[in-house]
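Work through the exercises below with the sequence and the 3D view side by side. Try each task before reading its solution.

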Amino acid sequence: MIVSRVWLIARREYVERIRTRGFLITTIMIPVIMAGFTFGSVFLGSRVNTDQHIAVVSTDTQLILDLQTELNRRQNQQRQQDAAEVPSTPQPGTQPGTPPASPLQPHSNLLVEAIAPGPDTRADLDRQLDANELDGYLWITPAPTPDARPTFEFTPRSSREASIRNPLAAALGAVLMREQLNHRGIVAAEADSVLLPVQIVTAHRPHHQDRESAQISVLVLFFIMYLVIMLYGMNVARSIIEEKTSRIFEVLLATVRPEALMAGKILGVGAVGLTQVGIWLGALLTVALSAAALHTGGSVHLALTLGQVVFFLVYFVLGYLFYSAIAAALGAMTNSEQELQQLNMFLMLPLLVCFSMLGTLLNAPDGSLARILALIPPFTPLLMYMRISLGHPAAWEVALSLALLSASILAIIWVTSRIYRVGVLMYGKRPNLPELLRWLRYS
Amino acid sequence: MPIVRLSHVRKVYDTKVAVEDLSFTIEPGTMFGLLGPNGSGKTSSIRMMIGMTMPDSGAVSLFDQPFTRTALWRVGYLPEERGLYKKMNVLDQLIFLGRLRGLSAAEADKRSRLWCERLQIAEAIPKKTEDLSKGMQQKIQFIASILHNPELIIMDEPFSGLDPVNAALLMDTLVELRNEGRSILFSTHRMDQVEKLCDHIALIHRGNLVLSGSMQQVKSSYPRNRVTIQYHGDNAFLNHPAIQSLKRYPGRAEIVLRPSPTLQDDAQALLACAIQRASITRFEVTEPTLEDIFIEKVRETSPADIGRPLTMAQLDEPKGAGHDSE
């Protein structure tokens, strides 16, 4: 009988909320805004990485020519290496969690302009820097003696362009080395082979790849959870406050046990959030899969195993219920939205604590800190999922964490319904702690 | 078999005693009026009857059984403070509330429509609740509380805020329900409503039961010593020795006769005296009204109030700041 009433209450909350215009608008608008941000930042990012112009001032035109050739050679090698890495990575059945970085990150080309030094060359170049026509210039002062090296002075436009210095220095080093080798009678082809830069291709161990994708799925879980709790956790609280202000609870409490009322609310309002996130994720997956299918010609493998997906869902739903139940308790204690805002941090604090420790725990998923924290209900959804993905928790630990989490959800609902039942009959001021404790003793 | 029995019920909120040693019973098929000024403990008593709060001591039994929540299936409750889901469609709302009380969706739908017609608000069925007038919302809530054919109907101030036409409609409906055999308890601070409707009454003041019994018992235990006269002309008859106290209005006087074994004769003598000088359009001898009885009773029980004139308005106490202690 209780179950059917919980169902009725949950159903009403769900249907009434899904029907609102607000639900439709957020369902459509949030992905649109997110997509806008993503594309906007990609667009801006691609504009930043355009070619960089530098001027090289030297009397030695051969040196400048050599430098240009060397820079081009290096850029070509880099491109080849990136292109070579893409097909080399996938092992059957698995796929790296990160897409290869190269196609998305355009390499900036260094365009070198040769200038012969004149009386006011420096002033002219400075002017060009100020006018944004140039990203920096390299001033080469010839060596006083033939054995010594020339001196090099690089003036970047701003600190952002200072990073050009390193590839420039490397290329210059190679050019000078080649010159020295030539002087000592080594032919160009041999010099090239001596100077061939060492290529290190990144190889992935199969286990390491799983670990990487697992780390990412832990982060994804965290962000989805954070987002959903931010967006929907407080809806449960608001719905309770709304019933308090409209005073309908009195009719409801005359028919329904407060525990059933709370459980129905948490499930109903929670289901709305899950529906919306489900729609978003579904749309995202469709887009991502079809885009990936276009790119790779149809062979797409999911990075996650079935077990991971199941645990993801279980811990996500339980975690969501846990935090919704806490939000319900906050709603039962307060009388208005403003009061609720002040208590918002109670909802966010455990998540933030969890996140701040995530870095440490990712490195030691089976350490004693992780083992203990993963059993504490507010941390369980994130940390136990992390341990399952990255570490090797014992079966009893997983079972215990699920039991503790479920039990604490029920306990919170029970306490909340007590607070609610007594709290709604009291008007006005917010209860202090001793009052709350006394309320729990009222039946 | 009493439908409701309260025995020595006591309820204290923090330091304020809301209900003190309250006992009464409601018999099947009766209309029971729970009377008292605001803040006297009516709502507190009702909330204990439906298990929203538990008495600190004493016992409540419903349908001759100690209180259980399952008994609430047979109870219809209209709280004092009206509340409905504002954004919800009226029919959806009624069906939801009906189903919560165990009706099937189809049955709840059918009964909702029937009741809406019966209370003349059929046009409200497809509307959103927040678009309705306050009176209409109150009728919707009235329907919601009786949709599941409860044997016991408990209504807290059911007529407050209604215009006379709609108040009369709800009163008639309650009388019909009573005639069908339901037991009805309603609370009010308006004594005139009770006199017409109730079979039994209980008067409470500051949480204490001041008076209870059947309407006839209560009334007949008081002598017919109230006289109302409407007249034109000389009002010298108002100095007649049989008059103990009176209130003068233009062309009208409300008189309390001096206690005497020959009250009827005194009244006739007063009439004879009045006719000599004035033209009388109305002369009525009655028992004291419930309001008079109530004020008299309160004076007896709380000596502090003796010596100053009491009206219902003065008996109204401001509600406690932090608590609803009714």
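**Exercise 1. A helix pair**

Which residues in α10(A) meet which residues in α13(A)?

Solution. The model is a predicted one.
- Step 1: Find the helices. In chain A, α10 covers residues 306–333, and α13 covers residues 380–390.
- Step 2: List the α10(A) side. The residues are Q308(A), F311(A), F312(A), Y315(A), F316(A), L318(A), G319(A) and F322(A).
- Step 3: List the α13(A) side. Here P381(A), M384(A), Y385(A), I388(A) and S389(A) take part.
- Step 4: Sort by class. The contact has 10 nonpolar residues, 3 polar residues and no charged residues.

**Exercise 2. The angle between the helices**

State how the axes of α10(A) and α13(A) are placed, and name the arrangement.

Solution.
- Step 1: Recall the description. Two packed helices are described by the angle between their axes and the distance between the axes.
- Step 2: Take the distance. The axes of α10(A) and α13(A) come within 9 Å.
- Step 3: Take the angle. These axes cross at roughly 170°.
- Step 4: Apply the cut-off. Angles over 145 degrees count as roughly antiparallel. Therefore α10(A) and α13(A) are roughly antiparallel to each other.

**Exercise 3. The cores**

Describe the largest nonpolar core, then a second one.

Solution.
- Step 1: Give the size. The largest nonpolar core has 133 residues.
- Step 2: Name the residues with the most contacts inside it. They are I266(A), A325(A), A328(A), L383(A) and I154(B).
- Step 3: Find the largest share. Helix α10 of chain A supplies it, with 16 residues.
- Step 4: Follow one residue. Leaving out residues up to four places away in sequence, L383(A) touches C354(A), L361(A), A370(A), L373(A) and A374(A).
- Step 5: Turn to the second core. This separate core has 18 residues, including V56(A), V112(A), L134(A) and L168(A).

**Exercise 4. The sheet**

In what order do the 4 strands of the open sheet in chain A lie?

Solution.
- Step 1: Read the order. It is β2-β1-β3-β4 in chain A, with mixed pairing.
- Step 2: Mark the edges. β2 (110–115) and β4 (151–156) of chain A each pair on one side only.
- Step 3: Note the turn. Neighbouring strands of this sheet are turned by 20° against each other on average, direction ignored.
- Step 4: Check one pair. Strand β3 (residues 136–141) of chain A runs antiparallel to β4(A), and 6 bridges join them. In one of these bridges, T141(A) has T151(A) as its partner.

**Exercise 5. The whole chain**

How many helices and strands does chain A have?

Solution.
- Step 1: Count the elements. Chain A has 15 helices and 4 strands.
- Step 2: Add the burial. Of its 443 residues, 30% are buried.

Key:
Residues numbered from 1 in each chain as written. Chains lettered and ligands numbered in written order. Predicted model: local features only at pLDDT ≥ 70, side-chain atom pairs only at ≥ 80, totals over all residues. Pairing = 2+ DSSP bridges. Helix = DSSP H or I, 4+ residues; strand = E, 2+ residues; numbered from the N terminus. Axes fitted to C-alpha atoms, helices over the stretch in contact; angles between N-to-C directions. Core = buried A, V, L, I, M, F, W, Y, C linked by C-beta atoms within 7 Å. Buried ≥ 20, exposed ≤ 12 C-beta atoms within 10 Å, placed from the backbone. Contact = placed C-beta atoms within 7 Å. Parallel < 35°, antiparallel > 145°, perpendicular 65-115°, else oblique. Nonpolar A, V, L, I, M, F, W, Y, C, P; charged D, E, K, R; others polar.
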